[in-house]
Amino acid sequence: MTISQKELKKSKDLVEKLLKVNGNKYNDWLHQQHQTFIEENQDLILQALSAFTGQEEEAEEKSEPKVAEQASVRPQSIPVTQN
């Protein structure tokens, strides 16, 4: 459902007036609505964060060579010349 800007403004103005009559501020109320929505969706947020961090850990494991896979570096001998 798409809400027009005119409808949105009308609703917001009405809510602001009702809140003011009750001694509340719109921004405080809106912040509380955001907090409530976040709390209600906390499981989804934690699942997404777990999936994200799990993917990062897998990428790090793939990019870091294991000890057995590391190429060995052998020092080369440098010929010493006598003058």
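Hi everyone, this is a short walk through the structure shown above, helix by helix.

Please keep in mind that this is a predicted model. The chain has three helices and zero strands, so if you follow the sequence from start to end you read the pattern α-α-α, with helices as defined by DSSP. Of its 83 residues, 2% count as buried. The chain exposes about 8,600 Å², and carbon and sulfur atoms supply 54% of that area.

Let's begin with helix 1, which covers residues 5-21. How far apart should the ends of its 17 residues be, at 1.5 Å a residue? The expected span is 24 Å, and the end C-alpha atoms are 24 Å apart in the model, which agrees.

Helix 1 also carries a charged pair. As a general reminder, side chains of opposite charge can pair when their charged atoms come close. Here the side chains of Lys-9 and Asp-13 form a salt bridge, with 3.1 Å from N to O. Both residues sit in helix 1, four residues apart, and that is about one turn of the helix. The structure holds one salt bridge, so you can stop looking once you have found this pair within the 4 Å cut-off. As for Asp-13, is the residue buried or exposed? It falls in between: Asp-13 is partly exposed, with a relative accessible area of 26%.

After helix 1 comes Gly-23, and the phi of this glycine is positive, near 80 degrees.

Now on to helix 2, residues 26-40. If you search the whole structure for aromatic pairs, you find one. Its members are Tyr-26 and Trp-29, whose ring centres are 5.8 Å apart. Why is this pair called tilted? Because the ring planes meet at 40 degrees, which is neither under 30 degrees, as stacked would require, nor over 60, as edge-to-face would require. Tyr-26 and Trp-29 are three residues apart in helix 2, so about one helical turn separates them. Tyr-26 counts as buried, because its relative accessibility is 16% and the limit for buried is under 20%. Trp-29, at 32%, counts as partly exposed.

Please look at Asn-27 as well, also in helix 2. Asn-27 is exposed, with a relative accessible area of 56%. Where does Asn-27 lie relative to Glu-16? The two are eleven residues apart in sequence, and their C-alpha atoms are 9.0 Å apart in space.

That leaves helix 3, which runs over residues 42-63. For this one, turn to the surface. Ile-38, Ile-45, Leu-46 and Leu-49 make a nonpolar surface patch of about 340 Å². Which helix gives the patch its largest share? Helix 3 does, with three residues. Leu-49 is found in helix 3, and this leucine is partly exposed, with a relative accessible area of 48%.

To recap the places worth finding on screen: the salt bridge between Asp-13 and Lys-9, the tilted pair of Tyr-26 and Trp-29, and the nonpolar patch that includes Leu-49. Thanks for listening!

Key:
Residues numbered from 1 in each chain as written. Predicted model: local features only at pLDDT ≥ 70, side-chain atom pairs only at ≥ 80, totals over all residues. Heavy atoms only, no water. Patch = residues over 30% accessible without salt bridge, like charges linked within 9 Å, V, L, I, M, F, W, Y side chains within 5 Å. Areas by Shrake-Rupley, 256 points an atom, 1.4 Å probe, with all protein chains shown as cover. Helix = DSSP H or I, 4+ residues; strand = E, 2+ residues; numbered from the N terminus. Buried < 20%, exposed > 50% of the residue type's maximum accessible area, 1.4 Å probe, protein only. Expected span 1.5 Å × (residues − 1). Phe/Tyr/Trp six-rings, centres within 6.5 Å; stacked < 30°, edge-to-face > 60°.
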